[in-house]
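The following paragraphs walk through a protein model, beginning with a single residue and widening the view step by step. Please keep the sequence and the coordinates at hand while reading.

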Amino acid sequence: MIVFVHGVPETARLWDGVRAAIGMESLALTMPGFGCERPEGFGATKDDYVSWLVEELDRIVEPVHLVGHDWGAALTYRVATAYGDQLASWSADVANVMHPDYVWHDLARFWQTPGAGESLLADQRATSVEIRAARFETLGVNHDDAVAMAGAVDETMGSCILDLYRSALPNPYAHWRDKWGPTAAPGMVLWPSADPFGDESMSIEVAAGLGAHHETLEGMGHWWPLQAPAQAAVVLASYISSIN
């Protein structure tokens, strides 16, 4: 089974097109607080989300093919390096986030700043969904998907975003390097060549450090699962089939 994990500011809806095209049994998980309730007492830190993901995988009898995007990718890297016996394979993008020298992008730094992050999210919620969606459209997301993604960012998701990003200073590698190294399960690092949040050289270095295959998604942007779901499904299915 393939298990998909979304990122920020997304919901499991991100994977609908890929799942429809891939032709394999799959499940798309919903991160707590992202389009659903935030469980009482849930801290929404990166390690809280790792624990959540491990628990979800524990409910599945056989090892899974884990596919992560954005923060879902960061969680995938942690599971692959620290809980690799749960996986048949893994695939993830934004590998640069896991590089020792990674510096967070400007928006992340706003979210990580107490007061500034809260104000920014409040201002965004006070803006029309159409205006917020336009930002995603400039990054290659079609109008309907952009509107759906912008409309999903409510107060609950916003609070989780702030807690998640603030738990990852200066970067995820600084906290997770204790288990870093080649993974027990085979893995694939995806590099969408038009992703403004990516870095090819860092991506290649991270893939090498994990003993993973490095695959370029030529011309695809950060939201490749929405931008080119059929092409992405071909890449994922080909890799997974090569392992089975």
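**From one buried residue to the whole chain**

In this predicted model, Ile161 has a relative accessibility of 1% and therefore counts as buried, the cut-off being under 20%. Ile161 belongs to helix α8, and, once its neighbours within four places in sequence are set aside, Ile161 is in contact with Val8, Pro9, Phe34 and Trp111. One of these partners, Phe34, is 127 residues away from Ile161 along the chain, yet the two C-alpha atoms are separated by 8.9 Å.

Helix α8 (155–166) also has a part in the largest nonpolar core, to which it supplies at least two residues, as do β1 (2–5), α2 (46–58), β3 (64–68), α3 (71–82), β4 (87–92), α4 (106–111) and α10 (200–210). This core holds 51 residues, of which Tyr49, Trp71, Leu75 and Trp90 touch the most other members. The element that gives the most to this core is α3, with seven residues. Apart from neighbours within four places in sequence, Trp71 is in contact with His6, Gly7, Val8, Lys46, Trp104, Leu164, Tyr165, Ala168, Pro172 and Trp176. Separate from this core is a second one of 31 residues, which includes Met149, Ala228, Ala233 and Val235.

Met149 leads on to helix α7 (residues 143–151), where Asp145, Ala146, Met149 and Ala150 are buried. Viewed down the axis of α7, these buried residues fall within an arc of 130°, so they line one face of the helix. The general background is that an α-helix has 3.6 residues a turn, so residues three or four places apart point the same way. The buried residues of α7 pack against α6 (129–137) and α11 (224–227), while the N-terminal end of α7 is capped by Asn142, a side-chain oxygen of which lies 3.2 Å from the backbone nitrogen of Asp144.

Taken as a whole, the protein chain has a secondary structure of twelve helices and six strands. Its radius of gyration is 17 Å, close to the 18 Å that the globule rule gives for 244 residues, so the chain is as compact as a globular protein of that length. The C-alpha trace spans about 50 × 35 × 35 Å along its principal axes. Of the 244 residues, 52% count as buried, and among contacts between residues at least 6 apart in sequence, 73% join residues at least 24 apart. The protein chain exposes about 10,100 Å², of which carbon and sulfur atoms supply 52%.

Conventions: Residues are numbered from 1 along each chain as its sequence is written. This is a predicted model: local features need pLDDT of at least 70, side-chain atom pairs count only at pLDDT 80 or more; totals for chains, interfaces and linings use all residues. Side-chain values use heavy atoms; hydrogens and water are left out. Buried means under 20% relative accessible area, exposed over 50%, partly exposed in between (1.4 Å probe, protein chains only). Helices (H or I, at least four residues) and strands (E, at least two) are DSSP runs, numbered from the N terminus. The arc is that of the directions from the helix axis to the C-beta atoms. Contact means heavy atoms within 4.5 Å. A polar contact is a pair of N or O atoms within 3.5 Å; within protein, one must be able to donate a hydrogen and the other to accept it, and residues adjacent in sequence count only if both atoms are side-chain atoms. The radius of gyration is taken over C-alpha atoms; the globule rule is 2.2 Å times the number of residues to the power 0.38. Accessible areas come from the Shrake-Rupley method with a 1.4 Å probe; for residues, only the protein chains shown count as cover. A nonpolar core is a set of buried Ala, Val, Leu, Ile, Met, Phe, Trp, Tyr and Cys residues joined through side-chain atoms within 4.5 Å.
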